[in-house]
Amino acid sequence: MKKLTLALVAAAGVWAGPLAAQAPPADNAALRQQIERRFEVLVLTDRVVLRPRSAGGAVRLIELGEKGIAIDGVPATGAEVKEKLGSDADAILRLSYLDTAQQRALFGGAVAENPSTTTPPSQPSTAPAPPPPLPPLEPTDGRRVRRGDRIRFGGNVRVDDDEIVTGDVVAIGGSARIDGEVRGEVVVVGGNVELGPRALVTRDLAVVGGTLQRAEGARVQGQLHEVSIGEIDFGDLAPWRDWRRGSMRGFTRTLALMSTLGRVAILCVLGALVMLLGREYVERTSLRATAEPLKAGAIGFLAQLLFLPVLLVTIVILVITIVGIPLLLLIPFAVLALCVIALLGFTSMAYRIGQFVSDRFGWGFSGPYAATVLGVLAIVSPLLLARLLSLLGGPIMPIAFGLFIIAFIVEYVVWTIGFGAVALARLDRPRPPAAPIAVPPPVLP
């Protein structure tokens, strides 16, 4: 099926390319305005490079050349372009149908070979000057380039002053020391961030549960997000009063709060790990959950109803058949696989909820790891609030009990929809985008 899809995309490009090359100048002018409104354009000798003007997107760089389209340095098919670029995909595909000379002429980087669009030598060119060049992908001062993300769980991350990290820097349960350049985002949960005098972070920086130490000369071109935990006076809280009176009720409530915080930390770590290993699948699953939440929830609920009966029937069948007895060893692996699917669905929901909350309040958590952690905190926030209110005791307990019910419903709905969305995303087959057909201009008598 994948080979058939690639063949269809290639065939569409072969037939649509000549048609797009014959597009009238008015259409090309509109295409240029559409591209320059959304991207910064750099015309090189053998390709055209586009960089999104908004720094919050998942795509950082698009290259169009003789070998096709490459997104962030990775060649992309028509279906992948449609999936990653969304509404901008049609303009990018139309631009890719032009040859290199026509692309350069479109943006004023060179004169096209088509005589009808060539400016006579005696007349000055009216094409506007090309936009300022983008920063080079490779450094010119001899520094080392570390491609990809740098992620650490339960440890510290360090970027030396002679290093350039092209991806994100994430530390969960540890700190980060940045002395060089990070061309992605910096996210630290449960640790501190230290920026040296030559540090440069080209995108956002977020610190959750820690502090930011910034030396003079350090630069952060994105937004700063610092979420710290203030000092709390526990002297008058119910657990301490209960302990002074010899009651264990305060101890159990505090232990319940600590266990909830531990579970939240584990969910954040597992969510970041799932995002690291399967970011593309997580994004596709989150889109299906957003598009069809009722259908995904119904599939997830049906899977929960059928899980136990199917498991029992399978075990009985394997026991009564001599050949099936060795297959009983596979039952724990099947249960583990279902747990992995459920975690994948939960991470997809947390990622989408984190993006929604960030956009709603203007926090700018556009990175996948920061959005996932924010989504987990948003999902479990009713439960955390209920645990904190239960520490006060007294007349606050009815409110805390109501929050416990709300927290259970919220988490159940998120896990159920996420599980069903994984099934829907697994059955979804991307289709190649329809090639635009250029209508030739009318022939005047």
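Does arginine 152 count as buried, exposed or partly exposed, and what is its relative accessibility?

## Arginine 152 and its surroundings

In this predicted model, arginine 152 has a relative accessibility of 42% and therefore counts as partly exposed, since that class lies between the limits of 20% for buried and 50% for exposed. Arginine 152 belongs to strand S7, which runs over residues 150-153.

When residues up to four places away in sequence are left aside, arginine 152 touches Val157, Val170, Ala171 and Ile172. A polar atom of the side chain of arginine 152 also lies 3.1 Å from the backbone oxygen of asparagine 156. Valine 188 is 36 residues away from arginine 152 along the chain, and the C-alpha atoms of these two residues are separated by 9.7 Å.

## The largest nonpolar core

In soluble globular proteins, nonpolar side chains tend to be buried together. The largest nonpolar core here has 32 residues, of which Val264, Val282, Phe346 and Val376 touch the most other members. At least two residues of this core come from each of several elements, including strand S10 (169-172), strand S13 (186-189), helix H7 (249-277) and helix H10 (331-361), while H11 gives the most, with 8 residues.

Valine 376 offers a view of the packing within this core: not counting residues up to four places away in sequence, valine 376 is in contact with Val264, Leu267, Cys268, Phe346 and Ala350.

## A separate core

Apart from the largest core lies another one, made up of 24 residues, and among them are Leu50, Ile69, Ala76 and Ala89.

Note on methods
Residues numbered from 1 in each chain as written. Predicted model: local features only at pLDDT ≥ 70, side-chain atom pairs only at ≥ 80, totals over all residues. Heavy atoms only, no water. Core = buried A, V, L, I, M, F, W, Y, C linked by side-chain atoms within 4.5 Å. Buried < 20%, exposed > 50% of the residue type's maximum accessible area, 1.4 Å probe, protein only. Helix = DSSP H or I, 4+ residues; strand = E, 2+ residues; numbered from the N terminus. Contact = heavy atoms within 4.5 Å. Polar contact = N/O pair within 3.5 Å; in protein donor to acceptor, adjacent residues only side chain to side chain.
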